[in-house]
Amino acid sequence: MAKPRSRQRRLRRVGLAYQLGPPYLEQITHGILRYAQENGPWEIVSSPEGADLSTDSLATWDGDGVIAMLETGSQIASARALSRPVVNLATSQGTPGIVTVSGDQKKIGHLAANHLLAKNFRRFGYYGLKNIRYSAERL
């Protein structure tokens with residue numbers, strides 16, 4: 001009887017093009033690292049805490065993919081110019097043609113309103129940012 005072949009996975013080189021310091025991004029990074037550990041092998045490329053690796057700086061990098069926070073038009077343009085897959089984590093504006101992963105903004109808005117209603121607040125407002133997609137989706 002033949003022995004089943006063990007399937008060796010190829011090393012994937014993934015760039016994290018966002019600032020690693022903010023707490024909400026730390027949680028996202030922990031999730032990415034956990035996924036990489038369970039589904040790897042992955043080699044993660046990033047910049048030191050407090051600085052972010054720009055999509056521009058990855059133009060000549062020989063990696064397999066990029067996970068980025070694309071918040072400006074120039075970041076979106078440089079991500080589109082890359083010759084590798086890009087996953088966007090920012091939800092401030094639309095990025096047609098680039099996969100975006102985000103929370104359920106509508107549900108976030110409902111959860112916040114329901115929380116305030118459960119605390120017996122009957123009059124409250126919402127402060128959102130004009131022309132920012134996630135702000136509109138939370139209403």
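Helices, such as α1, are DSSP runs of H or I at least four residues long, numbered from the N terminus. With that settled, here is how the inside of this predicted model looks, starting with its pockets.

α1 is the top contributor to the lining of the largest pocket, giving three residues. Along with α1 (23–39), α3 (105–118) is an element that supplies two or more lining residues. The space in this pocket comes to about 410 Å³. Its lining runs to 18 residues, and those nearest the centre are Ile28, Leu89, Val101, Ser102 and Gly103. By character, the lining splits into 11 nonpolar residues, five polar and two charged.

The second largest pocket holds about 190 Å³ of space. Among the residues lining it are Ile108, Gly109, His110, Phe124, Tyr126, Arg138 and Leu139. Here the split is seven nonpolar, three polar and one charged.

Now for the packing. In soluble globular proteins, nonpolar side chains tend to be buried together. The largest nonpolar core in this model has 12 residues, including Ala17, Leu53, Trp61, Ala68, Ile76, Val86 and Ile98. Two elements, β3 (65–68) and α2 (73–81), each put two or more residues into this core. Separate from it sits another core, this one of 10 residues, with Val14, Leu16, Leu20 and Leu25 among them.

Ala68 is a handy spot to look at within the largest core. Leaving aside residues up to four places away in sequence, Ala68 touches Ala17, Tyr18, Thr55, Val86, Val87, Asn88, Leu89 and Ala90. Of these contacts, Ala17 and Val86 also belong to the largest core, while Leu89 turns up again by the centre of the largest pocket.

Definitions and conventions
Residues numbered from 1 in each chain as written. Predicted model: local features only at pLDDT ≥ 70, side-chain atom pairs only at ≥ 80, totals over all residues. Heavy atoms only, no water. Core = buried A, V, L, I, M, F, W, Y, C linked by side-chain atoms within 4.5 Å. Buried < 20%, exposed > 50% of the residue type's maximum accessible area, 1.4 Å probe, protein only. Contact = heavy atoms within 4.5 Å. 1 Å grid on protein atoms, 1.4 Å probe; cavity = no way out; pocket = protein on both sides within 12 Å on 5 of 7 lines; lining within 4 Å. Points joined across faces, edges and corners; volume = space filled by probe spheres on them. Nonpolar A, V, L, I, M, F, W, Y, C, P; charged D, E, K, R; others polar.
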